[in-house]
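Thanks for sharing this one; here are my notes, point by point. Please keep the structure open beside you as you read.

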Amino acid sequence: MIYLPLQHLQPGMVLARSVYYHPTCLPLIVAGQQLSPAMIRKLTELNICGVYIESKFASDIEVKEFIDPKVKQQVTNDLRTLYSGYIHNVPLSSFTIDSMRNIAENLLNYIASKEEFLLNIIDIKDYDTYTYSHSIYVGTLSVLIGMQLNYSQNLLLQLAMAGLFHDIGKLDISLDIINKKGPLTPEEFNEIKTHPKKAVSRLEFSQKIPNIVLSAIESHHEKYNGTGYPYGLKGDNIPIYGRILALADVYDALTSSRSYRRAWLPNEAVEYMMGCGGTHFDHDILKAFLKIIAAYPVGTIVQLSNGSLAVVIQNSQEHILRPVIRLLTPDHLANTDVNLATDRTYFNVTITGTITDIEELPSTIFE
Ligand SMILES: [Fe+2]
């Protein structure tokens, strides 16, 4: 299977992985179906950025969702129930806090049961459930970073809680501001900036929320160079969990589509974040983060500096910018696989672009 952004979809292409619409958790389009113009229109309406398509060049390549749709739906439902019972500006009940811990525990157990730690996918996210999926991904990414740093199970549970509920303070901010499509006024942005402190004022009365979780939530918008908010903390004065959450939060926001821009592809987000070590992010945590993200996930099409097109078929934690690729040759007589990290004849060949830079793909890929 090959990942294709929406603008490259053509009627007749065969869907390789079912597309779920999370409010119902039913597949919107089932794998194996040929795409019709109406289906492509529906995907566009739902702001889904891309899907996996069958291709003879990558028929042996399967990319599974990192978070099983059923697990994602369960956590989404749990979060929705919890948030719907949320009364403005009232400290959370002991029952709610127990539920938060249970949701975090379930997510952590699920992640711990997976063997693959490299996030080798572009998950298909629909815009309607952004709030929930963002919480789930920030929780997941934070836990994966914690695993890279060899954190104990108890520390990972605290990270999962902090990640899942990092933005809970936004529930106390007017929906008009949260859902505003255009740019925010300075006053509105100042209001948004209060959400880390608002979360703490809701949670701090509970003995059940460890201080480390509170301080993580409070500091997830601090930046390593001291230009973040709410306190402008600098370097190691930012609690370490807050530094982890900051990375997970920014990565997921960049790779999700918003009303004003398309989702960035993993390589674009990774490159941007690599440039933010020491300014926005802690270098050491950034290093751990770069071991769990595949810049060019399996199934993505890349352009090489020698003019060839290829599909990524394998990644390794050691060389996230130099995956194993399969050349998309016009005749496709045999698979030509190249390991960009070890093949000496390809040392001077670089990946210069991804599918979003390619205007038209050769139709032979999908014949
Ligand atoms: Fe936030």
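1. A word on terms before we start: a residue counts as buried under 20% relative accessible area, as exposed over 50%, and as partly exposed in between. By that scale Asp-337, at 38% relative accessibility, is partly exposed. Please also bear in mind that this is a predicted model.

2. Let me stay with Asp-337 for a moment. Its side chain meets that of Arg-326 in a salt bridge, with 2.8 Å from N to O. Arg-326 sits in strand β7 (residues 324–327) and Asp-337 in strand β8 (residues 337–339), so the salt bridge ties together parts that are 11 residues apart in sequence. Unlike its partly exposed partner, Arg-326 is buried, because its relative accessibility is 3%. Asp-60 belongs to the picture too: salt bridges with shared partners join Asp-60, Arg-326 and Asp-337 into one network.

3. How many salt bridges does the structure hold? The count is 11. Another one of them pairs the side chains of Lys-208 and Asp-98, at 3.0 Å from N to O. This pair links distant parts of the chain, 110 residues apart: Lys-208 is in the loop between α8 (195–203) and α9, while Asp-98 is in helix α3 (residues 94–112). Lys-208 is partly exposed, with a relative accessible area of 38%, and Asp-98 is partly exposed as well, with 34%.

4. For a local case, have a look at Glu-45 and Lys-42. Their salt bridge has its closest N and O atoms 3.9 Å apart. The cut-off for a salt bridge is 4 Å. Both residues belong to helix α1 (residues 37–45), and because they are 3 residues apart there, about one helical turn separates them. Glu-45 counts as exposed, at 59% relative accessibility, whereas Lys-42 is partly exposed, with a relative accessible area of 36%.

5. Now to the metal site. Which residues coordinate the iron ion? They are Asp-167 (OD), His-195 (NE2), His-220 (NE2) and His-221 (NE2), at 2.1 to 2.3 Å. Along the chain, these donors follow the spacing D-x27-H-x24-H-H. Asp-167 and His-220 link distant parts of the chain, 53 residues apart: Asp-167 is in the loop between α5 (153–164) and α6 (175–178), and His-220 is in the loop between α9 (211–218) and α10 (240–254). Asp-167 and His-220 are both buried.

6. Why is the arrangement around the iron ion irregular? The 4 donor atoms subtend angles of 85 to 176°. Four donors would count as tetrahedral if all angles lay between 85 and 135 degrees, so the upper end of that range rules the label out. I would add one caution for your reading of the site: water is not among the atoms, so sites may look incomplete.

7. On the domain level, the protein chain is divided into domain 1 (1–54), domain 2 (69–289) and domain 3 (298–367). The centres of domain 1 and domain 3, taken over C-alpha atoms, are separated by 23 Å. Their contact takes 11 residues from domain 1 and 13 residues from domain 3. About 780 Å² is buried between domain 1 and domain 3, and carbon and sulfur atoms give 74% of that area. On the domain 1 side, Ile-2, Tyr-3 and His-8 lose the most area to domain 3, together 55% of what that side buries. How many salt bridges does the rule find across this interface? The number is 0.

8. Two backbone details deserve a look. Most residues other than glycine have a negative phi, and most peptide bonds are trans. Asn-150, which is not a glycine, has a positive phi of about 60°. Asn-150 lies in the loop between α4 (130–148) and α5 and is exposed, with a relative accessible area of 68%. Tyr-229 and Pro-230 are joined by a cis peptide bond, with omega about 10°. Pro-230 lies in the loop between α9 and α10.

9. Last, a glycine: where is Gly-278 found? Gly-278 is in the loop between α11 (266–274) and α12 (283–289), and it is partly exposed, with a relative accessible area of 29%. Apart from neighbours within four places in sequence, Gly-278 is in contact with Tyr-224, Asn-225 and His-283.

Technical notes. Residues are numbered from 1 along each chain as its sequence is written. This is a predicted model: local features need pLDDT of at least 70, side-chain atom pairs count only at pLDDT 80 or more; totals for chains, interfaces and linings use all residues. Side-chain values use heavy atoms; hydrogens and water are left out. Donors are N, O and S atoms within 2.8 Å of the metal (3.2 Å for Na, K and Ca); water is not among the atoms, so sites may look incomplete. Four donors count as tetrahedral if all angles lie between 85 and 135 degrees; four count as square planar and six as octahedral if opposite donors are over 155 degrees apart and all others between 65 and 115; anything else is irregular. Helices (H or I, at least four residues) and strands (E, at least two) are DSSP runs, numbered from the N terminus. Buried means under 20% relative accessible area, exposed over 50%, partly exposed in between (1.4 Å probe, protein chains only). Domain bounds come from an automatic or database domain assignment. Contact means heavy atoms within 4.5 Å. Buried area is the accessible area (1.4 Å probe) that two parts lose on being put together, summed over both.
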